[in-house]
Amino acid sequence: MSVIELKDVSIRYKIGDFKAIGLKDYVIQKIKGDYHVQEFWADRHITFSLEKGDMLGIIGTNGAGKSTLLKAISGIMKPTEGCVRCLGNIAALLELASGFDNDLTVRENTYLRGAMLGYTRGFMNDKYDEIIAFAELAEFQDRPFRQLSSGMKSRLAFSIASLVDPDILILDEVLSVGDGAFRKRSEEKMQEIIRGGATTILVSHSLEQVQNMCNKVLWLHKGRQVEFGDRVDDVCARYEAFLDER
Ligand SMILES: Nc1ncnc2c1ncn2[C@@H]1O[C@H](COP(=O)(O)OP(=O)(O)OP(=O)(O)O)[C@@H](O)[C@H]1O
């Protein structure tokens, strides 16, 4: 049985609606009669499924709809059409800095993120040292989160998400932010998670990373599904040829 299944998923953004422009401008525009909402389909008719242990790489140029699709898979957004079905607990690393509080310490933020992922305090007590050691942040444990560099913040986010044994791990470009040594360790960690049976989705602009790590690939372009399949090298080669032609 598939762990993740997307059936004909389409996601629409509304540009300039009252939520985007604010109530005041909405009222003014409405009175003047020039209130217009534009629709933009960021993803259109996306259909694929993943089995337990699959590692999917999503590729595509800027604005292809990759991050939007991850939001729908992780439950942050509801698809406008179609359906997404996921089995098991999901750890999603989408906007790395989000969900952390700059005024709390690294330790407090670690517990906070754990709670947001649905883990108990006891579980986090057991995992805490491991999380901090993996992120190499032992000296920063009791410092305010704002003192961390952006690379350190993403190390902590990755470390929490990966060490709590998710059934589904969703990563948006996260591995490209750490330095070389951390990137290598995080790739190894992800391989370990996959060997443990988790299903992983990774958005990456590095074809080398997708070829090295993924057993399936989804190529999106302007919201459309160009290719999906397990012939990762072939799809990446066609995508590369497409990039060269542009
Ligand atoms: N909140 C939003 N409101 C309106 N349009 C949006 C919104 N978020 C994204 N978009 C648009 O949806 C399209 C897809 O964006 P998305 O971030 O999913 O692309 P992406 O493939 O992840 O791009 P990148 O590789 O640049 O990160 C883009 O054209 C973007 O401008």
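This report describes the overall fold, the strand pairing, the ligand surroundings and selected helices of one protein chain. The structure is a predicted model.

**Overall form**

The protein chain holds nine helices and nine strands. Along the principal axes, its C-alpha atoms fill a box of roughly 60 × 50 × 35 Å. A compact globule of 246 residues would have a radius of gyration near 18 Å, and the value of 20 Å for the protein chain agrees with this. Of the 246 residues, 36% are buried. Among contacts in the protein chain with a separation of 6 or more, 72% are made by residues 24 or more positions apart.

**Strand pairing**

Two groups of pairings are set out below, one around strand E1 and one around strand E7.

| Strands | Sense | Bridges | Example of partners |
|---|---|---|---|
| E1 (residues 4-15) and E2 (residues 38-50) | antiparallel | nine | Ile4 and Leu50 |
| E1 and E4 (residues 81-86) | antiparallel | five | Ser10 and Glu81 |
| E3 (residues 55-59) and E7 | parallel | four | Leu56 and Ile201 |
| E6 (residues 168-172) and E7 | parallel | five | Ile170 and Ile201 |

Strand E1 thus pairs with E2 in the antiparallel sense, and E1 pairs with E4 in the antiparallel sense as well. Ile4 stands opposite Leu50 of E2, while Ser10 stands opposite Glu81 of E4.

Strand E7 runs parallel to E3 and parallel to E6. Ile201 of E7 is the bridge partner of Leu56 and also of Ile170. How many of the five residues of E7 are buried? Five of the five are, so strand E7 (residues 199-203) is largely enclosed by the rest of the structure. The cover extends to both faces: Thr199, Ile201 and Val203 are buried on one side, and Thr200 and Leu202 are buried on the other.

**Surroundings of the ligand**

The residues around the ligand are Tyr13, Ile15, Phe40, Ala42, Gly60, Asn62, Gly63, Ala64, Gly65, Lys66, Ser67 and Thr68. The elements that give two or more residues to this shell are E1, E2 and helix H3 (66-73). Which of the elements gives the most to the shell? It is H3, with three residues. By class, the shell is made up of five nonpolar, six polar and one charged residues.

**Helix H3 and the residue after it**

Helix H3 is also mostly covered, with seven of its eight residues buried. These buried residues are Lys66, Thr68, Leu69, Leu70, Lys71, Ala72 and Ile73. Two of them, Lys66 and Thr68, also belong to the residues around the ligand. Just after H3, Gly75 takes a positive phi of about 90°.

**Helix H1 and Ile21**

Helix H1 covers residues 18-21, and Ile21 is found in it. Ile21 has 15 C-beta neighbours inside 10 Å; because a residue needs 20 or more to be buried and 12 or fewer to be exposed, Ile21 counts as partly exposed. Apart from neighbours within four places in sequence, Ile21 is in contact with Gly16 and Tyr26.

**Summary**

In this predicted model, E1 is paired with E2 and with E4, while E7 is joined to E3 and to E6. E1, E2 and H3 each give two or more residues to the shell around the ligand, and H3 gives the most.

How values were computed. Residues are numbered from 1 along each chain as its sequence is written. This is a predicted model: local features need pLDDT of at least 70, side-chain atom pairs count only at pLDDT 80 or more; totals for chains, interfaces and linings use all residues. Two strands pair if DSSP finds at least two bridges between them. Two residues are in contact if their C-beta atoms, placed from the backbone, lie within 7 Å. A residue is near a molecule or strand if its C-beta atom, placed from the backbone, lies within 6 Å of it. Ala, Val, Leu, Ile, Met, Phe, Trp, Tyr, Cys and Pro count as nonpolar, Asp, Glu, Lys and Arg as charged, and the others, Gly among them, as polar. The radius of gyration is taken over C-alpha atoms; the globule rule is 2.2 Å times the number of residues to the power 0.38.
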